[in-house]
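Welcome! Please look at the sequence and the model below, then work through the exercises one at a time.

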Amino acid sequence: MSERDLAVLAVERRSWTGPGAKERVIRERLGISPTRYYQLLNALLDDPRALAHDPVTVNRLRRLRERRRTRR
């Protein structure tokens, strides 16, 4: 996994208090738009290396994604 992939997982692992804080960190620390961030994150959720690196975060996000898909 790339350093950017690891950074995306690290951002997602944190808890966020105020509105806009996460988006600000995404732009400032990663240098990408929130839209691109979520595209990368979604791809990481299907990557077995991401699961091996951070199973708690990846499994939590997979469950959330699946719940959103079943609501549609």
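**Exercise 1.** Which side chains does a polar contact of 2.2 Å join?

*Solution.* Start with the pair: the side chains of D54 and R13 are joined by a polar contact of 2.2 Å. A polar contact is a pair of N or O atoms within 3.5 Å; within protein, one atom must be able to donate a hydrogen and the other to accept it, and residues adjacent in sequence count only if both atoms are side-chain atoms. Next, place D54: this residue sits in the loop between helix 4 (48–53) and helix 5 (55–71). Finally, check its cover: D54 counts as buried because its relative accessibility is 7%. Buried stands for under 20% relative accessible area, exposed for over 50%, and partly exposed for what lies in between (1.4 Å probe, protein chains only).

Before going on, a word about the model: it is predicted, local features need pLDDT of at least 70, side-chain atom pairs count only at pLDDT 80 or more, and totals for chains, interfaces and linings use all residues. Residues are numbered from 1 along each chain as its sequence is written, and side-chain values use heavy atoms, with hydrogens and water left out.

**Exercise 2.** Find how many helices and strands the protein has, and describe its overall form.

*Solution.* Count the elements: the protein has five helices and zero strands, in the order α-α-α-α-α from the N terminus. The radius of gyration is 12 Å, close to the 11 Å of the globule rule for 72 residues, so the protein is as compact as a globular protein of that length. Helices (H or I, at least four residues) and strands (E, at least two) are DSSP runs, numbered from the N terminus. The radius of gyration is taken over C-alpha atoms, and the globule rule is 2.2 Å times the number of residues to the power 0.38. Now add the box: the C-alpha atoms fill roughly 30 × 30 × 20 Å along the principal axes. As for cover, 33% of the 72 residues count as buried.

**Exercise 3.** Work out where W16 lies and which residues W16 touches.

*Solution.* First, locate W16 in the loop between helix 1 (3–13) and helix 2 (21–30). With 23% relative accessibility, W16 counts as partly exposed. Then list its contacts (heavy atoms within 4.5 Å): leaving out residues up to four places away in sequence, W16 touches V11, A21, K22 and V25. Last, look at backbone oxygens: the W16 side chain reaches that of V11 at 3.3 Å, and a polar atom of this side chain lies 3.5 Å from that of R14.

**Exercise 4.** Describe the surroundings of R4 and of R27.

*Solution.* Begin with R4, which belongs to helix 1 and is partly exposed at a relative accessible area of 40%. Not counting residues up to four places away in sequence, R4 touches R36 and L40. R4 and L40 are 36 residues apart along the chain, and their C-alpha atoms are separated by 9.3 Å.

Turn to R27, a residue of helix 2 that is exposed, with a relative accessible area of 52%. Apart from neighbours within four places in sequence, R27 is in contact with I32, S33 and P34. The C-alpha atoms of R27 and V58 are 22 Å apart, with their positions 31 residues apart along the chain.
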